[in-house]
Amino acid sequence: MTSYASDFLTRLSQRGFIQQCSDADALDKSAASGVVTGYIGFDCTAPSLHAGSLVQIMMLRILQQTGHRPIVVIGGGTTRIGDPSFRDSARPLLDDAQIELNKAGIRKVFEKFLSFDDGPTGAIMVDNREWLDGLDYVDFLRDVGRHFSVNRMLSFESVKARLEREQNLSFLEFNYMIIQAYDFAELFRRYGCTLQMGGSDQWGNIVNGIDLGRRMDDASLLGLTSPLLTTASGTKMGKTADGAVWLNEDMLSAYDYWQYWRNVEDADVGKLLRLFSELPLDEIARLEALEGAELNDAKKVLATEATAMAHGREAALAAEETARQTFEAGQVSQDLPTVTLGTDQWDGGLGLLTALVEAKLSASTSEARRLIQGGGVKVNDAPANDWRQTLSDADMVDGAVKLSAGKKRHVLLKRG
């Protein structure tokens, strides 16, 4: 492992955050001798970020914790184009109202991870629409576009992969890398920002920004990327069969978030503890070395620490206790995810197939039927064998019916 002088790069290196750096020596020297201002951009494609963005969020957190200033760039402008990096097709174009709604949801995420204050290391949140909306197209082409070689842009892997598969890459998307590069140059001018960070799929865009800053302002800019977050079996992290692992609790409960981390692959526990907890490295090494049933204890620690980071310690401990009651004590915990259905749905009997769909334990009634026929459904912890079964007030225990799909997905159904 490379040895660094700065706390910033030392911590990132020890915990597995570093993939590429444009000039590690220069960044290390700068971070060891003064305050570095660095940024990461997040487009507003959904009302919340998901676990796939956690590596970048933690990089900003570590930047601040080691005495530097993080900038969160909310891409109100770039979202109107859509990042084409390593995508098979263009992102759906969102209208301004949806972008604003998404921005509001994303802002909530960072309040948990960063400190926004007026100090020298206080985090800043800006929207790149502030400077992009005022650009004159012809002036932009003349002043910025002339610094970009189409030949070079076509050589980037994210572009080559799309073209080699003969998948359409629109002129709108092709401009994205120019716009992102301009963001870096503008942040340098406004805030003295000299570092852009991101996932490894952003390397080409970051290099463009470094080059543009040098050409336009003779600026010495730096880039740093993190590895793609994948499981030990090679799949991309941040999504489940039921959808994205959202960071906002109004889109995914703290309990379900806790369960996601509790159920990671055994081989990933150590890596994820280093990335998404602030436990000492020697304690992580101890937990990582556990084997057999004891490794479940390490997974519970991971789940609680990761949930505490995103939702607060109290919510994390409540989720842990809910899981203990549900799986170890065999109780019906009132802290399980709850779905309230109207009286009209209960009166006359609520079909089990409909109940599973309403509880989001199944995507459709046909899928729910297959799940029941395969023995994967329980009602109040009793196997449900008849897909024609109906639920009523008589099935309620402490005011709710507990529905289970498989061993780890549970929802309480209540009457509205």
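Val379 stands opposite Ala382 of strand 12 in this predicted model. Strand 11, residues 377-379, and strand 12 are joined by two bridges. The two strands run antiparallel. Both belong to an open sheet of five strands, ordered 9-15-14-11-12. Pairing within this sheet is mixed. Strand 9 and strand 12 (382-383) form the edges. Each has a single partner strand, so one side of each lacks a neighbour in the sheet.

At the other edge, strand 9 (residues 338-341) is joined to strand 15 (residues 409-415) by four bridges. These strands run parallel. Thr338 has Leu412 of strand 15 as its bridge partner. The two faces of strand 9 differ in cover. Val339 and Leu341 make up the covered face. Thr338 and Thr340 make up the uncovered one. Side chains in a regular strand alternate between the two faces of the sheet.

Aromatic contacts were examined next. The structure holds five aromatic pairs. One of them joins Tyr257 and Trp261, with ring centres 6.0 Å apart and 70° between the planes. This geometry is edge-to-face. Both residues lie in helix 12 (residues 254-262). Tyr257 and Trp261 are four residues apart there, so about one helical turn separates them. An α-helix has 3.6 residues a turn, so residues three or four places apart point the same way. Tyr257 is buried, at a relative accessible area of 0%. Trp261 is likewise buried, at 0%. Trp261 also pairs with Tyr260. Their ring centres are 4.9 Å apart and their planes stand at 80°, so this pair too is edge-to-face. Tyr260 is buried, with a relative accessible area of 14%; the cut-off for a buried residue is under 20%. Ring pairs link Tyr257, Tyr260, Trp261 and Phe276 into a cluster.

Phe276 leads from this cluster to helix 13. Helix 13 spans residues 269-276 and is mostly covered. Of its eight residues, six are buried. These are Val269, Gly270, Leu272, Leu273, Leu275 and Phe276. The buried residues of helix 13 pack against four helices. Helix 12 is one of these partners. The others are helix 3 (54-65), helix 14 (281-288) and helix 15 (295-311). Helix 12 therefore meets helix 13 through packing against its buried residues, and ring pairs place Phe276 in a cluster with Tyr257, Tyr260 and Trp261.

A further aromatic residue, Trp387, is flanked by arginines. The charged end of Arg369 sits over the Trp387 ring, 4.0 Å from its centre. Arg388 also lies over the face of Trp387. Its distance from the ring centre is 5.1 Å.

Cysteines were considered last. The structure holds zero disulfides. Cys44 is in no disulfide. The nearest cysteine sulfur to that of Cys44 belongs to Cys193, 18 Å away. A disulfide requires sulfur atoms within 2.5 Å. Cys44 is buried, with a relative accessible area of 0%. Cys193 is in no disulfide either. For Cys193, the nearest cysteine sulfur is that of Cys21, 14 Å away. Cys193 is also buried, at a relative accessible area of 0%.

Note on methods. Residues numbered from 1 in each chain as written. Heavy atoms only, no water. Phe/Tyr/Trp six-rings, centres within 6.5 Å; stacked < 30°, edge-to-face > 60°. Buried < 20%, exposed > 50% of the residue type's maximum accessible area, 1.4 Å probe, protein only. Lys NZ or Arg CZ within 6 Å of the ring centre and 35° of its normal. Pairing = 2+ DSSP bridges. Contact = heavy atoms within 4.5 Å.
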